[in-house]
Amino acid sequence: MNKMYDVVALGELLIDFTQNGISDQGNPVFEANPGGAPCNVLAMLKKLDKNCAFIGKVGDDMFGRSLRDTVSDIGIDTSSLLSDQSVNTTLAFVRTFENGDRDFSFYRNPGADMMLTADEIPEDMLANTRIFHFGTLSMTHDAVREATKKAVRIAKENGAMISFDPNLRPPLWSSLEAAREQIEWGLSQCDILKIADNEIEFISGSSDFDEGAAYLKKNFPNIRLLNVTAGPDGSYSYYGDKKIFVPAFKLGGTIETTGAGDTFCACAQAFALDKGLDDLTDDDLTAMLRFANAAAYIVTTKKGAIRAMPDRADVEKILNEN
């Protein structure tokens, strides 16, 4: 059955204030970059010619209006991006370390993305997508958690593949146990999982990826394609009894890693849309990881995420030259 959308994502849309130098008076200067993991994913999917829509909420303020314009300009359907009249758009201040890692400070108590409710979920949109993607920032509080779980249920009932990225941000949770509970729920629902090295250790208790993947496959047998991102080392894919590793592209010029995991996640979804999830070969999985790693590398050479996503030709140039 033909679907109107390739991917619909739900979650946070926010401003990432990333440090961009020092003023003449010695003060840090921050650049307002549009961001939020689920929309970062959609931005990369649009670069890969996929039809996408976003479900979420921003404030009726200058940042919310800017985000709406940005997302609309890149071709993502914003018909289910709502505006909250009383709660401001969520902000994140991002400190980047010399190795490219980041530390986040969120202004979200509350933030508009938390205010999405179950009765605002667009059922027709979710019935018309091939993939539904979500993370856990839309599961930190009761109302938006209910909305997220309703969206997952509707998408599953209508035959969509479910994609999940835990995207663990400890400061946003009342406790790590609360985070664990909701991550495990997401793991129990998804067909496609993108999980980072620190997250697989958090859930499985093991820093060994093979052990962590075995734990996930045993406890969440619904996961059909399990991808682990290991930062500068590279990425792994576990599929059936297969394990594939592809090292990262280390070509210099890395500025920050914001959006790299989301870029990888999008590339894996595009692969699933093009290839499906049945009878994947070692060559299939290797090609998926190489493309995703190359795209993620390009994003690390730019500031921000939504406006930093590479075209397919940019990614293929890296692949052809390396």
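This is a stop-by-stop tour of one predicted protein model, with selections to make in your viewer.

**Before you click**

Because the model is predicted, local features are reported at pLDDT of at least 70 and side-chain atom pairs at pLDDT 80 or more, while totals for chains, interfaces and linings use all residues. Numbering starts from 1 along each chain as its sequence is written, and side-chain values use heavy atoms, with hydrogens and water left out.

**Whole chain**

Select the protein chain and show it as a cartoon. You should find 10 helices and 13 strands; these are DSSP runs, with helices being H or I of at least four residues and strands E of at least two, numbered from the N terminus. The C-alpha atoms fill a box of roughly 55 × 45 × 40 Å along the principal axes. The radius of gyration is 18 Å, which agrees with the value near 20 Å for a compact globule of 322 residues. That radius is taken over C-alpha atoms, and the globule rule is 2.2 Å times the number of residues to the power 0.38.

Now switch on a surface. The chain exposes about 13600 Å², and carbon and sulfur atoms supply 45% of it (Shrake-Rupley method, 1.4 Å probe; for residues, only the protein chains shown count as cover). Buried residues make up 56% of the 322, where buried means under 20% relative accessible area, exposed over 50% and partly exposed in between (1.4 Å probe, protein chains only).

Colour by charge next: there are 32 positive and 48 negative side chains, and the centres of the two sets lie 2 Å apart. Lys and Arg count as positive, Asp and Glu as negative, and His and the chain ends are not counted; each charge is placed at NZ of Lys, CZ of Arg, CG of Asp or CD of Glu.

If you like contact maps, take contacts between residues at least 6 apart in sequence: 71% of them join residues at least 24 apart. A contact here means heavy atoms within 4.5 Å.

**Stop 1: strand S1**

Select residues 5-10. This is S1, and six of its six residues are buried. S1 has parallel partners in S8 (residues 129-135), through four bridges, and in S4 (residues 52-59), also through four bridges. Strands count as paired if DSSP finds at least two bridges between them. To check the register, pick Val7, which stands opposite Ile131 in S8, then Val8, whose bridge partner in S4 is Ala53.

**Stop 2: Gln269**

Keep Val7 and Ile131 on screen and add Gln269, which touches both of them, along with Val41, Leu45, His133 and Ser163, leaving aside residues up to four places away in sequence. Gln269 sits in helix H8 (residues 260-275). Is Gln269 buried or exposed? It is buried, with a relative accessible area of 0%.

**Stop 3: the S2-S3 hairpin**

Select residues 14-22 for S2, which pairs antiparallel with S3 over seven bridges. Five residues separate the two strands of this hairpin, and Gly26 in the turn has a positive phi of about 90 degrees. Ile15 stands opposite Pro34 in S3. S2 also pairs with S6 (residues 91-96), this time parallel, over four bridges; there, Asp16 faces Ala92.

In S3 (residues 28-35), click Val29. Val29 is partly exposed at 33% relative accessible area, and its contacts include Thr18, Gln19 and Asn20. Draw a distance from Val29 to Asp119: their C-alpha atoms are separated by 40 Å.

**Stop 4: helix H6**

Select residues 197-204. The buried residues of H6 are Glu199, Ile200, Phe202, Ile203 and Ser204, and they pack against S9, H5, S10, H7 and S11. Just after the helix comes Gly205, with a positive phi near 80 degrees.

**Stop 5: backbone oddments in the loops**

Which peptide bond should you check for omega of about 0 degrees? Go to Asn109 and Pro110, which are joined by a cis peptide bond; Pro110 lies in the loop between S7 and H3.

Two non-glycine residues with positive phi finish the tour. Asn167, at about 45 degrees, is in the loop between S9 and H5 and counts as buried at 10% relative accessibility. Asp279, near 55 degrees, is in the loop between H8 and H9 and counts as exposed at 70%.
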